[in-house]
Amino acid sequence: MTTEQKIQYIADHYGYEPQSRQLIEEMAELTVALNKAWRKTFDTVDKIPNMDDEERIVEEIADVEIMITQIEYLLGISAMELNNMIEQKLNRQLERIKNE
């Protein structure tokens, strides 16, 4: 079974509502992991999280990406649609930076 097939199988098994709620939970866990790492590094010179924090952040990013991919699949959001929106948002932010 490919990664995509696993994601789709799990998404189909649970459905939109439970998986959208799970996405919210996973995003909150990522927020907590980032905040903890930031607090720990606030007083350091390099401001880079230590390896324990980095591993936790990677784990939480993976959880969020899995859940986002499930929601994209369940809502029928195409890669082209998503990529177009990403490009629009990146271009808008680059314009804002240019005007700073």
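Start with Gln 19: setting aside residues up to four places away in sequence, Gln 19 touches Ile 10, Tyr 14, Met 67, Gln 70, Ile 71 and Leu 74. The residue sits in helix α2, and with a relative accessibility of 7% Gln 19 counts as buried, because the cut-off for that label is under 20%. Keep in mind that this is a predicted model.

**Overall layout**

Zooming out, the chain has four helices and zero strands, so to speak an α-α-α-α run from the N terminus on. Of its 100 residues, 18% count as buried. The chain exposes about 8000 Å², and carbon and sulfur atoms supply 57% of that area. As for contacts, take the ones between residues at least 6 apart in sequence: 75% of them join residues at least 24 apart.

Confidence first, before any details. The mean pLDDT of the chain is 92, with 89% of the residues reaching 70 or more. Helix by helix, α1 has the highest confidence at a mean of 98, while α2 has the lowest, at 92. A general caution: where pLDDT is low, the predicted coordinates should not be read in detail.

**Helix α1 and its end**

Helix α1 covers residues 3-14, which makes 12 residues. At 1.5 Å a residue the expected span is 16 Å, and the end C-alpha atoms are 17 Å apart, so the two values agree. Right after α1 comes Gly 15, with a positive phi near 90°.

**The core**

Which residues make up the largest nonpolar core? There are eight: Leu 23, Leu 30, Ala 33, Ala 37, Ile 57, Val 64, Met 67 and Ile 71. Helices α2 (16-41) and α3 (51-75) each supply at least two residues of this core. Two of the core members, Met 67 and Ile 71, also turn up among the residues that Gln 19 touches. Val 64 is a handy residue to click on here: leaving aside neighbours within four places in sequence, Val 64 is in contact with Leu 23, Glu 26, Met 27 and Leu 30. Of those partners, Leu 23 and Leu 30 belong to the core as well.

**Salt bridges**

How many salt bridges does a search of the whole structure find? The search finds three, and here they are with their N to O distances.

| Pair | Closest N to O distance |
|---|---|
| Glu 17 and Arg 21 | 2.9 Å |
| Glu 60 and Arg 56 | 3.0 Å |
| Glu 95 and Lys 98 | 3.8 Å |

Each pair sits within a helix. Glu 17 and Arg 21 are both in α2, four residues apart, about one turn of the helix. Glu 60 and Arg 56 are also four residues apart, in α3, so about one helical turn separates them. Glu 95 and Lys 98 are three residues apart in α4 (residues 79-98), and again about one helical turn lies between them. The spacing makes sense in general terms: an α-helix has 3.6 residues a turn, so residues three or four places apart point the same way.Now for exposure. Glu 17 is partly exposed, at 48% relative accessible area, and its partner Arg 21 counts as exposed at 55%. Buried or exposed: what is Glu 60? Glu 60 is buried, with a relative accessible area of 2%, whereas Arg 56 is partly exposed at 40%. In α4, Glu 95 is partly exposed at 39%, and Lys 98 is exposed at 61%.

Terms used
Residues are numbered from 1 along each chain as its sequence is written. This is a predicted model: local features need pLDDT of at least 70, side-chain atom pairs count only at pLDDT 80 or more; totals for chains, interfaces and linings use all residues. Side-chain values use heavy atoms; hydrogens and water are left out. Buried means under 20% relative accessible area, exposed over 50%, partly exposed in between (1.4 Å probe, protein chains only). Contact means heavy atoms within 4.5 Å. Accessible areas come from the Shrake-Rupley method with a 1.4 Å probe; for residues, only the protein chains shown count as cover. A nonpolar core is a set of buried Ala, Val, Leu, Ile, Met, Phe, Trp, Tyr and Cys residues joined through side-chain atoms within 4.5 Å. The expected span of a helix is 1.5 Å times one less than its number of residues. pLDDT is the predictor's confidence in each residue, from 0 to 100. A salt bridge is a side-chain nitrogen of Lys or Arg within 4 Å of a carboxyl oxygen of Asp or Glu.
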